[in-house]
Amino acid sequence: MEKNLMWKGIGMPAIIGIVALVIVVGIVLFASRQPADIVEGPHGEMPGTSRAVPAPVVLHEQNNSGESGTALLLEENGKLKVMISLTGAPAGVPQPAHIHTGTCANLGGVDHPLTPVVDGKSDTALNIPPSHLTEELPLAVNVHKSAAEAGVYVACGDITPELIGAKERMVFPDGEGMMTEKEGDAMMEKAGAMMSGVKIFSLTGRNFAFSQTEIRVKKGDKVKIDFQSTEGFHDWTVDGFSAKTAQVNTGGKSSVEFVADKAGTFEYYCSVGTHRALGMVGKLVVE
Ligand SMILES: [Cu+2]
């Protein structure tokens, strides 16, 4: 009983301490995971690859509103995404925004409604491809003062063809959980390897045995052997498919990939010295 009370006594500060530690570690990890190869250019676009972010539509102040900024017209999954960013916007006031026909100097009707701007920000995913917009030019992005004073324009920018719809480089553009295109591609490549059915086996070798003495695959499988020596100088060889890793010393790694294009049972072995005769063998069964 007394012990329980004691634990209760130190329990709360300990928990608070742990929570604080977790938060600090989390912040440090988050800060350190900013990809090093990303350097922000003007307007936040990412330089250096074939698919650049387009220049934004510049939203000019209207009627002495004190509001100006940009609208990015991006392509995301074949659809048009509009990201508005305004400075000088009133806090907490939804400001209607649209793509209008015509130009700012001679504005027409609403062509595509956008998410109202709040605190200077608005993201809209439109259910049209960017090319659709190109066909409708001239167009302009226009922001209104408020729902009640929709007749007062606060910021407007003309859309020109070159500003429409280059592919976005960030998979998640809003910062948190950012993934660069490079990381995204690497992930797709891995997923592709999994879907294309490469069967990967990790084996180690020592004096004089393999960690695994039987490997079973299906006829037609792509097979990858990741071999590592944990003791001595060895390789992994199978004559039936002319597959052979490099010979590696303790700690060394080598891989080999082949297509198991015929059924049967094939002996794999280490081709160094007399290791095969010393029992460094296994069987590859192709069904
Ligand atoms: Cu060997």
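**Exercise 1.** In this predicted model, determine whether His275 counts as buried or exposed.

*Solution.* The relative accessibility of His275 is 10%. Buried means under 20% relative accessible area. His275 therefore counts as buried.

**Exercise 2.** Identify the protein donors of the copper ion, and describe how the donor residues are spaced in sequence.

*Solution.* Step 1: the donor atoms are ND1 of His234, SG of Cys270 and ND1 of His275. They lie 1.9 to 2.1 Å from the copper ion.

Step 2: the spacing of these donor residues along the sequence is H-x35-C-x4-H. His234 and His275 link distant parts of the chain, being 41 residues apart. His234 belongs to the loop between strand S13 (222–229) and strand S14 (237–238), whereas His275 belongs to the loop between S17 and S18.

Step 3: the accessibility of His234 can be added. Its relative accessible area is 0%, so His234 is buried.

**Exercise 3.** State in which order the 5 strands of the open sheet are arranged, and which are the edge strands.

*Solution.* Step 1: the order is S12-S18-S17-S14-S15, with mixed pairing.

Step 2: strand S12 (214–217) and strand S15 (243–244) are the edge strands, since each of them pairs on one side only.

Step 3: one pair within the order may be examined. Strand S17 (residues 264–269) and strand S18 (residues 281–286) run antiparallel and are joined by 6 bridges. Thr265, for example, has Val285 in S18 as its bridge partner. In general, strands of a sheet pair through backbone hydrogen bonds, either parallel or antiparallel.

**Exercise 4.** Describe the surroundings of Ser254, beginning with the strand in which it is found.

*Solution.* Step 1: Ser254 is part of strand S16, which covers residues 253–259.

Step 2: with a relative accessibility of 13%, Ser254 counts as buried.

Step 3: beyond its neighbours within four places in sequence, Ser254 is in contact with Ile225, Asp226, Phe227, Thr245, Ala246 and Val248. For Ala246, a distance can be given: its backbone nitrogen lies 2.9 Å from a polar atom of the Ser254 side chain.

**Exercise 5.** Determine whether Ile200 counts as buried or exposed, and which residues it touches.

*Solution.* Step 1: Ile200 is located in strand S10 (residues 198–206).

Step 2: exposed means over 50% relative accessible area. Ile200 has 51% relative accessibility and therefore counts as exposed.

Step 3: when residues up to four places away in sequence are not counted, Ile200 touches Lys224 and Asp226.

Step 4: Ile200 can also be related to Val256. These two residues are 56 residues apart in sequence, and their C-alpha atoms are 10.0 Å apart in space.

How values were computed. Residues numbered from 1 in each chain as written. Predicted model: local features only at pLDDT ≥ 70, side-chain atom pairs only at ≥ 80, totals over all residues. Heavy atoms only, no water. Helix = DSSP H or I, 4+ residues; strand = E, 2+ residues; numbered from the N terminus. Buried < 20%, exposed > 50% of the residue type's maximum accessible area, 1.4 Å probe, protein only. Polar contact = N/O pair within 3.5 Å; in protein donor to acceptor, adjacent residues only side chain to side chain. Contact = heavy atoms within 4.5 Å. Pairing = 2+ DSSP bridges. Donors = N, O, S within 2.8 Å, 3.2 Å for Na, K, Ca; no water.
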